[in-house]
Amino acid sequence: MRDRQGAGQPSELKARIVAETLIEGETVKAVAKRYELIPSTVSDWRRMARQGKLVLPNLDGVDFVPVEVEEITPAPVAQPLPVTSSSTIDVIKGDVIVRLDAATPTARVAEIARAMGT
């Protein structure tokens, strides 16, 4: 949902979003962020549901499973060693060595270093 205000969204989707805010441990702010909405928009929809203007889906028999999102820190990129008088560049990762000509473009050296870091 890229519409920050949520205008024009189908009632079924609004109802599903409101239902998610009713899950134990959920917050309006967290649910709004997942759907790229402003929290006050979701709060307005909750108010509509309380007033009977938005019908929530039947949640009987529906189990919600908590989801944890873990940020993965990218592996450090192997840094090429400085050019020595031998006119080669060695990119070393563990026991793997890639020897490149000193004239290898820096962008290519960086690509190889990133590939070795994964």
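What covers the buried residues of α3 includes α1 and α2, and that meeting of helices is a good place to start looking. Keep in mind that this is a predicted model. Overall, the protein chain has 4 helices and 2 strands, arranged along the sequence as α-α-α-β-β-α.

**Helix α3, one side in**

- Let's stay with α3: there are 12 residues in this helix, and they reach 17 Å from the first C-alpha to the last. That is close to the 16 Å expected at 1.5 Å a residue.
- Which residues of α3 are buried? They are Thr 41, Val 42, Trp 45 and Ala 49.
- These four sit on the same side of α3, because the arc they cover around the axis is only 95°.
- After α3 comes Gly 52, and its phi is positive, near 80°.

**Helix α1, wrapped up**

- Now hop over to α1, which runs over residues 11-21. Of its 11 residues, 8 are buried, so the rest of the structure largely encloses this helix.
- The buried set in α1 is Leu 13, Lys 14, Ala 15, Ile 17, Val 18, Ala 19, Glu 20 and Thr 21. Try finding Lys 14 and Glu 20 in the picture; both are on that buried list.
- What do the buried residues of α1 pack against? Their partners are α2 (28-34) and α3 (39-50).

**Two nonpolar cores**

- Here's a general idea to carry along: nonpolar side chains in soluble globular proteins tend to be buried together.
- In this model, the largest nonpolar core has 13 residues. Those with the most contacts inside it are Ile 17, Val 18, Tyr 35, Leu 37, Val 42, Trp 45 and Leu 54.
- α1, α2 and α3 each supply at least two residues of this core, and the largest share, 4 residues, comes from α1.
- Another core lies apart from that one and has 8 residues. Among them are Ala 78, Ile 112, Ala 113 and Met 116.

**The hairpin of β1 and β2**

- Strand β1 covers residues 88-93 and strand β2 covers residues 96-101. The two run antiparallel, and 6 bridges join them.
- You can trace the pairing yourself: Thr 88 has Asp 101 in β2 as its bridge partner, and Lys 93 is matched with Val 96 in β2.
- How many residues lie between the strands of this hairpin? There are 2, and in this hairpin Gly 94 takes a positive phi near 65°.
- Now look for Val 91, which is in strand β1. Val 91 has a relative accessible area of 0%, so this residue counts as buried.
- Val 91 and Ile 112 are 21 residues apart in sequence, yet their C-alpha atoms are 8.1 Å apart in space. Ile 112 is one of the residues in the 8-residue core.

**The chain as a whole**

- Zooming out, the protein chain has 118 residues, and buried residues make up 26% of them.
- The chain exposes about 8,800 Å², with carbon and sulfur atoms supplying 54% of that area.
- Take the contacts between residues at least 6 apart in sequence: 42% of these join residues at least 24 apart.

Terms used. Residues numbered from 1 in each chain as written. Predicted model: local features only at pLDDT ≥ 70, side-chain atom pairs only at ≥ 80, totals over all residues. Heavy atoms only, no water. Buried < 20%, exposed > 50% of the residue type's maximum accessible area, 1.4 Å probe, protein only. Contact = heavy atoms within 4.5 Å. Pairing = 2+ DSSP bridges. Expected span 1.5 Å × (residues − 1). Arc of directions from axis to C-beta. Areas by Shrake-Rupley, 256 points an atom, 1.4 Å probe, with all protein chains shown as cover. Core = buried A, V, L, I, M, F, W, Y, C linked by side-chain atoms within 4.5 Å.
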